[in-house]
Amino acid sequence: MLSKVQLARHIGRRCLSSESTKHCQLLIVGAGSGGLGAAAILGKKFKTTILDPADHHYYQPYFTLVGGGLKSLDDCRKPMEQVMPTNVKWIKEAVDSFDPSQNFIVTKNGTTIKYDMLVVATGIHPDFSSIPGLEEGLKTPNVGSIYSPETAPRMIEVLKNFKAGNAIFTFPATQIKCPGAPQKIAYLTDEFLSKADKREDAKIIYNTAGGVLFGVKKYADALWKVVEEKEIIVNLQHNLVRVRPDIREAVFERADKTRVSMSYELLHVTPPMYPLREVARSSLAEATGFVDIDKLTLQHKKFDNVFAIGDCTNGLPKTAAAVAACLGVLADNVVSRSRGEELKAAYNGYTSCPLTTGFENCILAEFNGFTSEPMETFPFNQAKERRSMYVLKKDIIPAIYWKLFVKGRWTGPSTFRRLMRLGFS
Ligand SMILES: Cc1cc2nc3c(=O)[nH]c(=O)nc-3n(C[C@H](O)[C@H](O)[C@H](O)COP(=O)(O)OP(=O)(O)OC[C@H]3O[C@@H](n4cnc5c(N)ncnc54)[C@H](O)[C@@H]3O)c2cc1C
């Protein structure tokens, strides 16, 4: 929320200089998966402006394969101007503050943008600084993370550097994007070390702050078998609170608040993640800082000309798969709102996580993120590890992403699901 002084300054600036004041019918903040997909669809219907300071758009699901040495960073990114829809105006700036009661935002450069309708798509952000010692640790050859484009390419060097000892993988106490990824990189590490003839010298440990291995029982049961076969030790309710890179030690807090230190030769950290600070301190956010929307219509609970999509929202699953399933709903409801009609489209909770269990195997988890019930596309048991699902993860889904999703032509596999299941959803 702007202070009165800031507000007066911004309004003053708006009146004094038309250069720094813009108006658009639809403003989208954030050009990640949600923002870009929304721009591609809604840019055809409204005079649309999109705001994002980034040079590149990333296909983040590939970060896991980059960490495992199976893909390069170049495979997961494209220059932003290459993926930006042509009929949309891109302002390469970062949002600084939102004033939804007055229908404007202000950028870090002081540009005021007024809008008729707003879509927030600013994602969720890893905070490496929130764990003492982690940032220093990430500069050493023993600590890595697939959770940023800066750190993911270094993970394979951390794997190559491994000699013998504990290889520890963590899962934090906050919400994160793609909650399956922290264990996918553990499974890739298991296979990498086997191929390098070092697996017998490694004790792989998966420490999660959570109370379960995976949130959907059907897939959790399958994953417990995978960890057993791979002889991976799982410690539930172990939250990473400190890294001591000088003595290669990681400190975990257990549910009863007692602490345990573990030495490591390799440490993969999934850091705590938070919504964008500029969103969290605005009146768009609920108490935890996420945009407070109705999870079915994606419309803001207080400001009816505001919608949100993706990881910045409260209560929506945090995957690109969920974003895809929301895109059609968002587009329909934004159009309905612009016409003053009732919002009829509703998100069905679909999300998916292709759980890479090795260099050639994958369990394709597809489920309802609200009820944790499976919502599978294929007419076979998807809890089984399959090579075909690995090909889907590695080659087919990324092609769908670049050729269809970011062009607004992919809203999830629901049509295929109905076809495969002879009309039953
Ligand atoms: C390692 C990893 C593995 C994953 N694996 C999978 C998977 O297998 N399957 C799957 O479906 N999903 C996966 N995901 C999750 C998926 O990538 C995200 O859920 C998805 O990208 C969310 O889209 P979004 O638009 O909400 O956020 P993002 O795509 O993160 O986009 C946020 C955008 O906001 C912009 N932004 C930031 N600050 C500002 C600002 N101040 N002003 C304006 N714009 C700003 C950023 O530049 C960015 O472009 C994975 C993610 C990671 C990191």
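This is a stop-by-stop tour of the predicted model shown above, starting at the ligand and then moving out to charged pairs and a few loop residues.

Before you click anything, note that numbering starts from 1 along each chain as its sequence is written. Because the model is predicted, local features need pLDDT of at least 70 and side-chain atom pairs count only at pLDDT 80 or more, while totals for chains, interfaces and linings use all residues; side-chain values use heavy atoms, with hydrogens and water left out.

**Stop 1: the ligand and its shell**

Select the ligand and show what surrounds it, taking every residue with a heavy atom within 4 Å. You should get 36 residues, with Gly 34, Asp 52, Val 95, Asp 311 and Ala 321 the closest. Colour that shell by type and it splits into 19 nonpolar, 11 polar and six charged residues. For that count, Ala, Val, Leu, Ile, Met, Phe, Trp, Tyr, Cys and Pro are nonpolar, Asp, Glu, Lys and Arg are charged, and the others, Gly among them, are polar.

Now turn on the cartoon. Helices here are DSSP runs of H or I with at least four residues, strands are E runs of at least two, and both are numbered from the N terminus. Which helices each supply at least two residues of the shell? Look at α2 (33–42), α3 (63–67), α7 (181–195) and α10 (320–338). The largest share, three residues, comes from α10.

Try colouring by domain too, with bounds that come from an automatic or database domain assignment. Domain 1 (4–125 + 274–338) and domain 2 (127–272) each give the shell at least three residues.

**Stop 2: polar contacts to the ligand**

Stay here and look for polar contacts, meaning pairs of N or O atoms within 3.5 Å; within protein, one must be able to donate a hydrogen and the other to accept it, and residues adjacent in sequence count only if both atoms are side-chain atoms. Pick Asp 52: a side-chain N or O atom sits 2.7 Å from a ligand oxygen. Lys 184 does something similar with its side chain, at 3.0 Å from an oxygen of the ligand. At Gly 32 the partner is a polar backbone atom, 3.4 Å from a ligand oxygen. On its own the ligand has 1000 Å² of accessible area, and the protein covers 92% of that. Such areas come from the Shrake-Rupley method with a 1.4 Å probe; for residues, only the protein chains shown count as cover.

**Stop 3: salt bridges**

Side chains of opposite charge can pair when their charged atoms come close. A salt bridge here puts a side-chain nitrogen of Lys or Arg within 4 Å of a carboxyl oxygen of Asp or Glu, and the structure holds 19 of them.

For these residues, buried means under 20% relative accessible area, exposed over 50%, and partly exposed in between (1.4 Å probe, protein chains only).

- Asp 96 and Lys 108: the closest N and O atoms are 3.2 Å apart. The pair links distant parts of the chain, 12 residues apart, with Asp 96 in strand β6 (95–99) and Lys 108 in the loop between β7 (104–107) and β8 (112–120). Asp 96 is buried at 19%, and Lys 108 is partly exposed at 45%. Add Glu 278 and Arg 281 to your selection to see the network of salt bridges that links these four.
- Lys 217 and Asp 221: their side chains meet at 2.7 Å, N to O. Both lie in helix α8 (217–229), four residues apart, about one turn of the helix. Lys 217 is exposed at 60%, and Asp 221 is partly exposed at 36%.
- Asp 74 and Arg 77: this salt bridge spans 3.1 Å, N to O. Asp 74 is exposed at 55%, while Arg 77 is partly exposed at 27%.

**Stop 4: positive phi**

Most residues other than glycine have a negative phi. Select Asn 103, in the loop between β6 and β7, and you'll find a positive phi of about 60°. Asn 103 is partly exposed, at 25%. Then go to Asp 197, in the loop between α7 and β12 (202–208). Phi of Asp 197 is also positive, near 60°, and this residue is exposed at 69%.

**Stop 5: the loop between α9 and β19**

Is Phe 290 buried or exposed? Select Phe 290 in this loop: at 5% relative accessibility, this residue is buried. Draw a C-alpha distance from Phe 290 to Asp 311, 21 residues apart along the chain, and you get 8.5 Å. Finish at Lys 295, in the loop between α9 (277–280) and β19 (306–308), which is partly exposed at 39%.
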